[in-house]
Amino acid sequence: MVLVQTAMENSEQKAKTAETLLEIRNLKTYFKINGSIVKAVDNVSLKIINGEILGLIGETGCGKSVLGLSILRLLPENAKIEGNLLFRGKEILSLSKAEMRKLRGKEIVLIPQNPSTSLNPLMQIGCQVLEAVIRHHNLKKSEAVSKVLDLFSKLKLQEPPRKFRDFPHQLSGGMKQRVLMAMGVACNPKLIIVDEPTKGLDAVLRIEVVRMLKETASAAGTSMLLITHDFSVAAALAHRIAVMYAGEIVEMGKTAAVLRNPRHPYTAGLLNSLPGKGFNPIPGSSPSIISLPEGCRFHPRCSRANMKCTASHPELVKLNDDHFVRCFNVCF
Amino acid sequence: MLLMAENLSKEFFKGRLNKSRIRAVDGVSFSINQGEIMGLVGESGSGKSTVGRLLLLLLEPTEGRIYFNGKELTRLRKKELQNLRKDMQIIFQHPQESLNPRMKIYESMAEPIRLYGLADGKSREKEEILKLLETVGLTEEHLERYPHELSGGQAQRVAIARVLALKPKFVVADEPTSMLDVSVQAQILKLIKKLQREYKISFLFISHDLEVVRAISDRIAIMQKGKIVELGEPEQIFSMPRHPYTKYLINSILNL
């Protein structure tokens with residue numbers, strides 16, 4: 001008994017001292033559009049430790065995908081990124097383009113949303129995965145091919161040698177998703193950024209993708225930034241959840257705490273608008289990032305808003321050891 | 001009973017020389033009462049969208065009969081069918097794609113009204129359109145915009161308003177919220193519920209999202225490989241599924 005306890009304490013301590021894999025400090029991603037500045041990501045700070053899955057939840061246009069792409073510096077020329085992005089203690093933002101290319105696809109990987117437009121329609125899918133393997137490993141072609149076939153069978157793509165020669169249009173949506181996954185995990189990355197892995201999939205495929213991500217994460221101890229708008233996917237996978245609204249993180253904490261006891265009115269509103277809870281939409285719609293409301297960005301839609309919310313902008317405050325909220329009138 | 005499908009089937013031809021056939025819908029029978037929302041659930045490729053299109057005769061059935069309001073649709077002449085079209089409408093999955101990108105919202109909304117001569121004179125037309133906008137929760141400022149200047153939720157409201165202009169009896173809603181965010185989804189579902197209550201419109205609500213269908217439907221039909229394998233009230237289907245496929249679907253729901 002005592003032994004078990006100390007073992008547990010040990011593992012807890014390990015978790016506490018676990019190495020930070022990615023630390024984002026005051027990240028701002030701005031776009032210059034027609035002379036005006038659009039703040040897509042505004043002062044976001046977060047940490048992902050080794051082996052952790054962080055769910056990033058938000059609605060269309062809140063900046064969650066831009067945040068993911070900022071980490072990989074895969075943004076168009078008119079984007080400006082400020083702040084610090086520390087990956088294993090090293091600043092990413094100051095890396096040269098060549099250094100960044102070495103990191104991207106090997107240590108940090110993106111599994112993009114929309115599998116059907118992310119594959120080259122004119123290339124056999126096996127060769128597309130092969131590209132990633134050959135680029136980052138010093139393997140002979142034959143060795144690389146067998147590695148790809150191995151990956152395919154691990155991800156339960158039937159008859160790997162035949163699938164290798166298939167073109168994207170011959171695969172279903174779920175299979176394409178798996179091919180992208182194979183590409184992603186091919187180089188044993190440290191961090192996978194998964195952008196909306198279940199968008200547009202039906203319930204059966206969705207649970208399959210969730211299972212696949214879970215297995216990938218636990219088998220290799222890979223960390224993930226899981227970008228999604230689906231609470232149930234985040235609940236099934238993520239250790240912690242960050243909720244984004246209009247470019248900012250409004251709530252962040254352990255998955256169970258955020259889902260069972262949402263403290264920000266926006267999180268509570270989102271959870272309340274799930275179909276199982278009847279039909280209780282949040283009034284109004286998300287603000288355009290070009291013209292944000294004064295004060296708290298959520299106040300025009302918030303039932304708890306008062307004078308203070310219209311006048312000043314709340315900071316992200318610590319509620320308890322692992323739960324942060326950006327609100328003056330926290331829900332209880 | 002407003003609508004009844006009897007032994008409905010649809011075969012598509014494919015392959016070289018159209019030699020192989022796919023039976024997308026295979027002997028489907030069901031009925032929808034007035035003011036009822038019938039949910040139709042199944043995996044991608046189960047044939048649920050094809051059923052929706054067959055009911056409106058947007059596709060010609062290979063076999064089977066459809067009765068709408070006591071008339072057998074499959075035997076009507078083109079002209080008669082055209083008049084009936086006013087009563088049976090469809091809302092699509094991608095609202096932005098179902099609106100003409102080169103028309104302002106006002107023009108898009110005026111189109112069905114003009115087509116069926118539902119308002120005499122410009123001022124009546126405008127009046128009618130403003131009334132519709134209010135019903136779906138949009139305002140006059142949206143009228144001068146183009147579809148790309150609307151959000152997904154707003155575009156879906158416009159699509160619903162256009163359908164509503166014709167005062168239909170039956171609407172096929174084909175995955176109307178699958179591209180929308182949860183909070184916007186709740187708004188659109190609430191609107192559909194309101195249309196059912198206030199205008200007694202019947203819906204065939206097609207979706208792959210079991211939770212959504214459970215929340216909105218009066219009855220649910222489960223489709224697998226072109227066949228309806230189970231049909232019943234939501235509570236019964238979710239608490240006591242009979243068919244193994246229904247059980248399989250329900251087990252694949254991710255719980256919060």
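A polar contact is a pair of N or O atoms within 3.5 Å; within protein, one must be able to donate a hydrogen and the other to accept it, and residues adjacent in sequence count only if both atoms are side-chain atoms. By that rule, 2 residue pairs are in polar contact across the interface of domain 1 of chain A and domain 2 of chain A (both at pLDDT 80 or more). This is a predicted model. Chain A and chain B touch each other, with 28 residues of chain A in contact with 24 residues of chain B. Chain A is divided into two parts, domain 1 (2-107 + 189-325) and domain 2 (116-188). Chain B is divided into domain 1 (3-87 + 170-255) and domain 2 (102-167).

**Confidence in chain A**

- The mean pLDDT of chain A is 89. Of its residues, 95% reach 70 or more.
- Residues 1-16 of chain A are an exception to trust with care: the pLDDT there is below 50. Beyond near neighbours in sequence, this stretch has 1 contact in the model.

**Between the domains of chain A**

- The C-alpha centres of domain 1 of chain A and domain 2 of chain A are separated by 29 Å.
- In the contact, 16 residues of domain 1 of chain A meet 12 residues of domain 2 of chain A.
- About 1200 Å² is buried between these two domains of chain A. Carbon and sulfur atoms give 63% of that area.
- On the side of domain 1 of chain A, the most area is lost to domain 2 by Lys106(A), Pro189(A) and Met212(A). Together they account for 40% of what that side buries.
- The rule finds 1 salt bridge across this interface of domain 1 of chain A and domain 2 of chain A.
- Glu208(A) and Arg178(A) join their side chains in a salt bridge (2.9 Å, N to O).
- Helix H3 (97-103) and H9 of chain A are the elements that give two or more residues to the side of domain 1 that touches domain 2.
- H9(A) gives the most to that side of domain 1 of chain A, with 7 residues.
- By class, that side of domain 1 of chain A has 7 nonpolar, 2 polar and 7 charged residues.

**Between the domains of chain B**

- Domain 1 of chain B and domain 2 of chain B have C-alpha centres 26 Å apart.
- The contact takes 15 residues from domain 1 of chain B and 13 residues from domain 2 of chain B.
- The two domains of chain B bury about 1200 Å² between them. Carbon and sulfur atoms give 68% of it.
- In domain 1 of chain B, Lys86(B), Ile188(B) and Leu191(B) lose the most area to domain 2. Their joint share is 42% of what that side buries.
- The salt bridge count between these domains of chain B is 0.
- There are 4 residue pairs in polar contact between domain 1 of chain B and domain 2 of chain B (both at pLDDT 80 or more).
- Helix H2 (78-85) and helix H6 (182-199) of chain B are the elements that give two or more residues to the side of domain 1 that touches domain 2.
- H6(B) supplies the largest share of that side of domain 1 of chain B, 7 residues.
- That side of domain 1 of chain B holds 9 nonpolar, 2 polar and 4 charged residues.

**Between chain A and chain B**

- Chain A and chain B bury about 2300 Å² between them. Of this, 66% is on carbon and sulfur atoms.
- Val204(A), Pro275(A) and Phe279(A) lose the most area to chain B on the side of chain A. Together they give 29% of what that side buries.
- The count between chain A and chain B is 0 salt bridges.
- The rule does find 6 residue pairs in polar contact across this interface of chain A and chain B (both at pLDDT 80 or more).
- Helix H9 (203-220), helix H10 (231-237) and helix H12 (265-272) of chain A are the elements that give two or more residues to the side that touches chain B.
- The side of chain A that touches chain B divides into 17 nonpolar, 7 polar and 4 charged residues.

**Salt bridges**

- Over all chains, the whole structure has 34 salt bridges.
- One pairs the side chains of Glu36(B) and Arg219(B), at 2.7 Å, N to O.
- Glu36(B) lies in the loop between strand E2 (20-32) and strand E3 (37-41) of chain B, and Arg219(B) lies in strand E9 (residues 219-224) of chain B, so the pair ties together parts that are 183 residues apart in sequence.

Key
Residues are numbered from 1 along each chain as its sequence is written. Chains are lettered from A and ligands numbered from 1 in the order in which they are written. Side-chain values use heavy atoms; hydrogens and water are left out. Domain bounds come from an automatic or database domain assignment. Contact means heavy atoms within 4.5 Å. Buried area is the accessible area (1.4 Å probe) that two parts lose on being put together, summed over both. A salt bridge is a side-chain nitrogen of Lys or Arg within 4 Å of a carboxyl oxygen of Asp or Glu. Helices (H or I, at least four residues) and strands (E, at least two) are DSSP runs, numbered from the N terminus. Ala, Val, Leu, Ile, Met, Phe, Trp, Tyr, Cys and Pro count as nonpolar, Asp, Glu, Lys and Arg as charged, and the others, Gly among them, as polar. pLDDT is the predictor's confidence in each residue, from 0 to 100.
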